Amino acid sequence: MHSTIIHIAATKRVIGMGSMWDIASAIIKWGNYLSMAIVIGGGFSFALMSHIEPKLKEATLRYIFVGCVLGICTTVLFFISQVGGINQQGLSGAFDFSMMQIIFQSDIGLQTGMRLASFIFSFLFLWRLKKQLDRNSNSPILRTLPLELYLPITIMLAISFAVIGHVSQLGLIARFAIVAHVICVFLWIGALYPLYLICASKHGSKVAGIMKEFGKYGAYFVSAILLSGTFLLFQLLDSVSEFVTTSYGNAVLLKLVLVVFLLVLAAINKFRLSPSIEKNGAVLKLRNSILLEIVFSTVIAAITTYFTTVIGIAHG
């Protein structure tokens, strides 16, 4: 039943009937990607803040909290947009309860359930944590997020990428690669905003220590991203010529160009700006560089959602 539904939806999209829903799905998915980055990367950055003042830690918790709310909303909206895109009965078709039940039993439903459970669990935990912090701002729980919470949520969100789409049809190694790729990408880009907040504070020496530690982990993240990303490209593209002969390949090529710029910025931060953090003006330069990283990451996420939602349909 699931394969029949997907086949019908793909046919309608090819002849142009699903364009409105494709665009809506892409925009919603973009927000969903950002929310996962916030939850995963925000938790990681919080773990680096053991010696930072409580106000910055609380700001990071609010950042993760926003990610949870955004994640819940976009996960639900994305599922609704998929129902509308498959049903092709206008806005009312997106709320066809019978079609919702059918789709929820498919891979789309599995992915929706995994993400929704992760975001809701994170939301409830953060709500409980906020209550504890309101009672005691010096609570030891401010030091870090419990690993037993953070790790399962991170893994479940990452696995949700491997249960649907092209990757779900690949072998175990390829699916493991996408999980590793997603975790490292979101750890990196989701931690950028908290790092930006830290740079905007008045903790020069502490900023230097945090940036050094983040740079150490960042080197591992970048290595894993490049290795897993290269492997997945060879799995998803039949030949190198597809970079210039297909729309999917063009989008991937554009993404790669932006990723190179992002890596250059990260290298400048690690090897030039971070070591000189205590010099006059260095923190401002580092903050502006991180802001550029955030902009590039957001654009890359938008391109990724576009070619996986709109172009990827035709490519498959």
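**Helices, burial and cavities**

Trainee: Thr304 is found in helix α13 (residues 282-315). Is Thr304 buried or exposed?

Mentor: This is a predicted model, in which local features need pLDDT of at least 70, side-chain atom pairs count only at pLDDT 80 or more, and totals for chains, interfaces and linings use all residues. Residues are numbered from 1 along each chain as its sequence is written, and side-chain values use heavy atoms, with hydrogens and water left out. A residue is buried under 20% relative accessible area, exposed over 50%, and partly exposed in between (1.4 Å probe, protein chains only). Because its relative accessibility is 13%, Thr304 counts as buried.

Trainee: What distance separates the C-alpha atoms of Thr304 and Ala251?

Mentor: Thr304 and Ala251 are 53 residues apart along the chain. Their C-alpha atoms are separated by 8.0 Å.

Trainee: How many helices and strands does the protein chain have?

Mentor: Both are DSSP runs numbered from the N terminus: helices are H or I with at least four residues, and strands are E with at least two. Along the sequence, the pattern reads α-α-α-α-α-α-α-α-α-α-α-α-α. The count for the protein chain is therefore 13 helices and 0 strands.

Trainee: What share of the 316 residues of the protein chain counts as buried?

Mentor: Helix α3 supplies two examples, Phe79 and Gly84. Phe79 is buried because its relative accessibility is 8%, and Gly84 is buried because its relative accessible area is 0%. For the protein chain, the buried share is 49%.

Trainee: Which residue has its C-alpha atom 7.4 Å from that of Gly84?

Mentor: For Phe79, the C-alpha atom is separated by 8.5 Å from that of Phe104, 25 residues apart along the chain. For Gly84, the 7.4 Å partner is 11 residues apart in sequence, namely Phe95.

Trainee: What is the volume of the second largest cavity?

Mentor: On a 1 Å grid over the protein atoms alone, a cavity is a set of points where a 1.4 Å probe fits but cannot get out. Grid points are joined across faces, edges and corners, and a volume is the space filled by probe spheres set on the points. By this rule there are 2 cavities of 30 Å³ or more. The second largest has a volume of about 40 Å³.

Trainee: Which element gives the most to the lining of this second largest cavity?

Mentor: Lining residues have an atom within 4 Å of a point, and here they are Asn32, Thr75, Phe78, Gln111, Thr112 and Arg115. The elements giving two or more residues are α3 (54-87) and α6 (107-135). With 3 residues, the element that gives the most is α6.

Trainee: Which helix supplies the largest share of the nonpolar surface patch?

Mentor: Patch residues have over 30% relative accessible area and no salt bridge (Lys or Arg side-chain nitrogen within 4 Å of an Asp or Glu carboxyl oxygen); nonpolar side chains (Val, Leu, Ile, Met, Phe, Trp, Tyr) are joined within 5 Å, like charges within 9 Å. Val244, Leu253, Leu256, Val257 and Phe261 form this patch, with about 430 Å² of accessible area together (Shrake-Rupley method, 1.4 Å probe, only the protein chains shown counting as cover). Val244 lies in helix α11 (residues 242-245) and is exposed because its relative accessible area is 61%. The largest share, 4 residues, comes from residues 247-273, helix α12.

Methods. 1 Å grid on protein atoms, 1.4 Å probe; cavity = no way out; pocket = protein on both sides within 12 Å on 5 of 7 lines; lining within 4 Å.
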